[in-house]
Amino acid sequence: MSRVLKQSFYRRDTKVVACELLGKMLCRRLPSGRIIRGRITETEAYDGFEDRASHSHKGPTSRNVVMFGSPGCAYIYLCYGVHWMLNFTTRESGYPAAVLVRAVEGVDGPGRTTRHFKINGKQNQQVLSRVKGLWVEDDGLNLTSSLILRAPRVGVAYAGAKWAAKPWRFIWPLSR
DNA sequence: TGCGCGATTCTC
DNA sequence: AGAATCGCGCAT
């Protein structure tokens, strides 16, 4: 029996949410009504004002304002003018944080994942706790936490050595 | 109003 | 190794 993740799932420590999202099902209903699902296999945490790798580090702007709002919302932005990045907001309102969805089973890479699910800026700020266009389900799969790998985040060298080295990337390797 | 660059991916 | 491609963030 699958259940849709509630807002309370997201209103927690960002790294815990990033880790626990592994094994959950990313779900997308297309305008045609067709539903696409994929098991999340890789995430990254971007947390708070101090994290120099996070968009939230510079304070609220028109792009990142979703990170400062309610947990359990989609934060979607265009990267390199080409790829849409899918994030889920975490923590309480006012605390800027989000989890980047880097991969689902069989689809490796954040830009490829959004392309696969036909996700773009139209889904930005969408609430995830209701079954509309975008949500996440727990279908009962129980991952053994010892099998989860941690690694530095990708593409954040600009943040400086201290923040680039944080092992805030979470990988479920058995799915590969 | 302009400029540098990015939580990337594809091709050469 | 280099291109694609454009909006954001900050400096003028």
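A nonpolar core is a set of buried Ala, Val, Leu, Ile, Met, Phe, Trp, Tyr and Cys residues joined through side-chain atoms within 4.5 Å. In this predicted model, the largest such core has 46 residues. Beside the core, the briefing covers the protein surfaces near two DNA strands, with 22 residues around DNA strand B and a surface near DNA strand C that includes Lys58 and Thr61.

**Nonpolar core**

- Within the largest nonpolar core, the residues with the most contacts are Tyr10, Leu21, Leu26, Ile40, Leu86, Phe88 and Val136.
- Two or more residues of this core come from each of helix 1 (7-10), helix 2 (14-20), strand 3 (35-47), strand 4, strand 5, strand 6, strand 8 (134-138) and helix 4 (161-164).
- Leaving aside residues up to four places away in sequence, Tyr10 touches Leu5, Val17, Pro71, Gly72, Phe88, Thr89, Thr90, Arg91, Leu128 and Val136; among these partners, Phe88 and Val136 are themselves listed with Tyr10 as residues with the most contacts inside the core.

**Surface near DNA strand B**

- Of the 22 residues around DNA strand B, those that come nearest are His83, Asn87, Gly111, Arg112 and Tyr158, and by class the residues of this surface divide into 12 nonpolar, seven polar and three charged.
- Sugar or phosphate holds 52% of the atoms of DNA strand B within 4 Å of the protein, while the rest belong to bases.
- A base nitrogen of DNA strand B lies 2.5 Å from a polar side-chain atom of Asn87, whereas phosphate oxygens of the strand are found 2.9 Å from a side-chain N or O atom of His55 and 3.3 Å from a side-chain N or O atom of Arg102.
- Strand 4 (74-79), strand 5 (83-89), strand 6 (97-104) and helix 3 (110-116) are the elements that give two or more residues to this surface, and helix 3 gives the most, with four residues.

**Surface near DNA strand C**

- DNA strand C is surrounded by Lys58, Thr61, Arg63, Tyr80, Gly81 and Val82, and sugar and phosphate account for 78% of its atoms that come within 4 Å of the protein.
- The residues of this surface comprise two nonpolar, two polar and two charged.
- The side chain of Thr61 places an N or O atom 2.7 Å from a phosphate oxygen of DNA strand C, and an N or O atom in the side chain of Arg63 is 3.5 Å from a sugar or linking oxygen of the strand.
- For Tyr80, a backbone N or O atom lies 2.2 Å from a base oxygen of DNA strand C.

Key:
Residues numbered from 1 in each chain as written. Chains lettered and ligands numbered in written order. Predicted model: local features only at pLDDT ≥ 70, side-chain atom pairs only at ≥ 80, totals over all residues. Heavy atoms only, no water. Near = heavy atom within 4 Å. Polar contact = N/O pair within 3.5 Å; in protein donor to acceptor, adjacent residues only side chain to side chain. Nonpolar A, V, L, I, M, F, W, Y, C, P; charged D, E, K, R; others polar. Buried < 20%, exposed > 50% of the residue type's maximum accessible area, 1.4 Å probe, protein only. Contact = heavy atoms within 4.5 Å.
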